[in-house]
Amino acid sequence: ALADQDEKRRSEQVESLNRLVRSGPPEARLVATGALSRRDDLDVVPTLIFALSDPDPRVVKQARDGLRFISRKFEGFGLADEPTLDAKLAAIEKWKTWYKTIRPDAQFEK
């Protein structure tokens, strides 16, 4: 799906996935998070950080693993497969802090 060589179409596909992560039904959020997690693209990091707050632990795990892959921080920030709310919030802050070291002007959704 994201193998499209046309940059404009690929950008539209990524934006569509970003919207699904934020407001799609559970299965769509899971698939979209998985697709973004394999992008190896720093531009998708804010969406993956947002996905760490998802109520579905499968989405959170996909987002965590994607962040580890994209950042090359393979240990991440120690988020368990089924983390507590406090653990998710702590990981979100740590990932935001890390991303700000690369993209100081980054904006995050609440």
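**Overall fold and salt bridges of the chain**

Of the 110 residues in the chain, 43% count as buried. The model described here is a predicted one. A good place to start is the secondary structure, which comes to five helices and zero strands. Read from the N terminus, the elements follow the order α-α-α-α-α.

The overall dimensions come next. Along the principal axes, the C-alpha atoms fill a box of roughly 40 × 30 × 25 Å. A compact globule with 110 residues would have a radius of gyration near 13 Å, and the chain agrees with this, because its own value is 13 Å. Among the contacts with a separation of 6 or more, 55% are accounted for by residues 24 or more positions apart.

Turning to the surface, the chain exposes about 6,500 Å², and carbon and sulfur atoms supply 53% of that area. The chain also carries 20 positive and 19 negative charges, whose mean positions are 1 Å apart.

Some of these charged groups can be followed pair by pair, since the structure holds 11 salt bridges. One of them joins aspartate 43 to arginine 103, with the closest N and O atoms 2.7 Å apart. Aspartate 43 sits in the loop between helix 2 (26–37) and helix 3 (45–51), while arginine 103 belongs to the segment after helix 5 (85–102), so this pair ties together parts that are 60 residues apart in sequence. The two partners can also be described by their accessibility: aspartate 43 is exposed, with a relative accessible area of 51%, whereas arginine 103 is partly exposed, at 30%.

Another salt bridge links aspartate 56 with arginine 58, and here the closest N and O atoms are 2.8 Å apart. With a relative accessibility of 12%, aspartate 56 counts as buried, because it falls under the 20% cut-off. Its partner, arginine 58, counts as partly exposed at 38%.

Helix 4 offers a further example. Aspartate 65 forms a salt bridge with lysine 61, the closest N and O atoms being 3.4 Å apart. Both residues lie in helix 4 (residues 57–71), four residues apart, which is about one turn of the helix. Aspartate 65 counts as partly exposed, with 29% relative accessibility, and lysine 61 likewise counts as partly exposed, with 32%. This pair belongs to a network in which salt bridges that share partners join Lys61, Arg64, Asp65 and Asp81.

Terms used
Residues numbered from 1 in each chain as written. Predicted model: local features only at pLDDT ≥ 70, side-chain atom pairs only at ≥ 80, totals over all residues. Heavy atoms only, no water. Helix = DSSP H or I, 4+ residues; strand = E, 2+ residues; numbered from the N terminus. Rg over C-alpha atoms; globule rule 2.2 N^0.38 Å. Buried < 20%, exposed > 50% of the residue type's maximum accessible area, 1.4 Å probe, protein only. Contact = heavy atoms within 4.5 Å. Areas by Shrake-Rupley, 256 points an atom, 1.4 Å probe, with all protein chains shown as cover. Lys, Arg positive; Asp, Glu negative; His and termini not counted. Charge placed at Lys NZ, Arg CZ, Asp CG, Glu CD. Salt bridge = Lys/Arg side-chain N within 4 Å of Asp/Glu carboxyl O.
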